[in-house]
2 protein chains.
Amino acid sequence: MIKLAKTIYDLHPLIKKRFSPHGFKDEPIEKEQLLKLLEAASWAPSSYNEQPWRFIIGIKGDTGSYDKIFSCLNEHNQHWAGSAPVLLISVGKKMLTRNNAPNRFHAFDSGQAVAMMSIQAAHEDIYIHQMGGFDAIKAQKIFHIPEEYEVLAAMAVGKIKHDPSQMDEIPKDEIFYRNRKEIESFTFENDWEIPFK
Amino acid sequence: MIKLAKTIYDLHPLIKKRFSPHGFKDEPIEKEQLLKLLEAASWAPSSYNEQPWRFIIGIKGDTGSYDKIFSCLNEHNQHWAGSAPVLLISVGKKMLTRNNAPNRFHAFDSGQAVAMMSIQAAHEDIYIHQMGGFDAIKAQKIFHIPEEYEVLAAMAVGKIKHDPSQMDEIPKDEIFYRNRKEIESFTFENDWEIPFK
C-alpha cells in the first residue's frame, strides 16, 4: 500500500501532506480562513522586501469574480476545478516599486508566496491545486491587469473529501504528481551536473 | 517590545519564525540535514511536475564550491554571508524536459521549492537568507551552467545565535524585512485594485 508523499527523510508533516487534489468537498472556505492564507503568502521573503505578489480572488456564488476566473481555465481544468469553493489568480509585479527597474525575482518570489499559502492551507486542512492551463491573456484583459504585471498561476482552493494522511493509496490521477527526482539528480557541487553526495 | 513576525492572523509557527538573518553561528550543518532540506524543496508542486529547480551546493571548507559561490556575491553580501556554513545557488530550467518548449513557470516553481526548503529549515532551527545581490553571469560561467538554465537566487544557510521566538526585539538591520503590506493592498476581487474585503 502506498502512502502519500513517500519521502526519504522525515520531512515536516505539512510538506508531506500538501498535494494538488483534482476535486474538492462542496463546502465554502470562511472568509477569515482565506484572509489567513493570504496573510501567510505575504510572509514569504522577497528581493528588497518588494512583495511583488498580487492575488485575484473568486469566491463561488459571491460575486462574478469566480465565474470570470473559471472562464479562463482550459477545458481539462474546468472539468474538475468547478468543485472548488475558491479560485485565485496569482500575479507578479514585473518592476520594482522603488525605482521602476525590472525585478528579476518577481515570479520566483511570487512562487514563494504561493508556497507559504500552501503550507498554511495544509495546516488548516485546505488544499490548493495550482494550474498553468488557463488563458492568461484573457485573464489579463478581463481583470484589466496592467502590462507591468505578469499573470502567473491560477489556483483552486478548498477542502477535500478524505484526509490524505488517512488514505492508504494515492488516487490514480495523482500518482504522476507524487513522484520526485532523486536528490542527486538536481543538486550539484563544484560544477554543473557533478552530483552532491 | 516588538516580537518577530507580528501577524494579524494566527499563522503557522514556522511561517512566523522564518526570517533572513544577517549572520550565522559558527557551526556546520550536517550533511544529512542539508539533504533533508533539499528533499523538502523537491516536494514543492510544479507545472507538469517538471521540477525545474536545480541547486549548487557549497559547504564551507569542504571543496572549492563554497568559495566559488562566495566569490560571486556582491560586497555587501560578502560582508555577512561568509559566516554561513553553507552557500547555495538556485537555478531554474527554462525549457520543459518533455517537449523542449519554454516553461513559463520555471522561476515561479523554483521559488516554491526554496520556500519549502525554508519551512523545513525553520523546523530544524536552520535559517536561509536569500540574496539577489550577486553576479549571476559569473556564477553561470564558473559553474558551467548551460544557457537553457537561469541562475536565480543565491542563499546563505546556517544556524543563528539566538532563537527568534525568544527575542524581544527585532534586530535593527532586520526591521525593513519584517514589515508587510496590508492584505487589502495586494488582494483584489472582481477587477484590478478593487480590494478583497
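Hi everyone, let me open with a puzzle: which residue takes a positive phi just after H5(B)? The residue is B:Asp125, and its phi is about 60°. I'll come back to that helix shortly.

First, some housekeeping. This is a predicted model, in which local features need pLDDT of at least 70 and side-chain atom pairs count only at pLDDT 80 or more, while totals for chains, interfaces and linings use all residues. Residues are numbered from 1 along each chain as its sequence is written, and chains are lettered from A and ligands numbered from 1 in the order in which they are written.

Let's look at chain A on its own. Its secondary structure comes to six helices and five strands; here helices (H or I, at least four residues) and strands (E, at least two) are DSSP runs, numbered from the N terminus. Read along the sequence, the pattern is α-α-β-α-α-β-α-β-α-β-β. The C-alpha atoms fill a box of roughly 50 × 45 × 30 Å along the principal axes. For 197 residues, a compact globule would have a radius of gyration near 16 Å, and chain A, at 18 Å, agrees with that. That radius is taken over C-alpha atoms, and the globule rule is 2.2 Å times the number of residues to the power 0.38.

Of those 197 residues, 47% count as buried. By that I mean that 20 or more other C-beta atoms lie within 10 Å of the residue's own; exposed means 12 or fewer, partly exposed is in between, and C-beta atoms are placed from the backbone. As for contacts in chain A between residues at least 6 apart in sequence, 75% join residues at least 24 apart. A contact means that the C-beta atoms of two residues, placed from the backbone, lie within 7 Å.

Now, how do the two copies relate? Chain A can be laid on chain B with an RMSD of 0.0 Å, using a turn of 180° and a shift of 0.0 Å along the axis. The two copies are thus related as by a two-fold rotation axis. The same surface serves both, with 100% of the contact residues of chain A recurring in chain B. The superposition is by least squares on the C-alpha atoms of residues with pLDDT of at least 70 in both copies.

The contact takes 61 residues from chain A and 62 residues from chain B. On the side of chain A that touches chain B, the elements giving two or more residues are H2 (31–42), E1, H5 (106–123), E4 and E5. The largest share of that side, twelve residues, comes from H5(A).

Back to H5 in chain B, as promised. All 18 of its 18 residues are buried, so the helix is mostly covered. At 1.5 Å a residue, the 18 residues of H5(B) (106–123) should span 26 Å, and the end C-alpha atoms are indeed 26 Å apart. The expected span is 1.5 Å times one less than the number of residues.

My favourite part is the sheet. Five strands form an open sheet with mixed pairing, in the order E3(A)-E4(A)-E2(A)-E1(A)-E5(B). Two strands pair if DSSP finds at least two bridges between them. At the edges stand E3 (127–131) of chain A and E5 (187–189) of chain B, each with a single partner strand, so one side of each is left without a neighbour in the sheet. The twist averages 30° from one strand to the next, with axes being lines fitted to C-alpha atoms and angles running from 0 to 180 degrees between N-to-C directions. Within the sheet, seven bridges join E1(A) (53–59) to E2(A) (86–93), which run antiparallel. One such pair is A:Ile57 with its bridge partner A:Leu88 in E2(A).

Please click on A:Ser65, in helix H3 (65–72) of chain A. Is A:Ser65 buried or exposed? With 23 C-beta neighbours inside 10 Å, A:Ser65 counts as buried. Beyond its neighbours within four places in sequence, A:Ser65 is in contact with A:Ile56, A:Ile57, A:Gly58, B:Glu189 and B:Asn190.

That last residue, B:Asn190, sits in the segment after E5 of chain B. B:Asn190 has a positive phi of about 75° although it is not a glycine, and with 16 C-beta neighbours inside 10 Å it counts as partly exposed.

Last stop: A:Phe176, in the loop between E4 (149–158) and E5 (187–189) of chain A. A:Phe176 is exposed, with 10 other C-beta atoms within 10 Å. Thanks, everyone!
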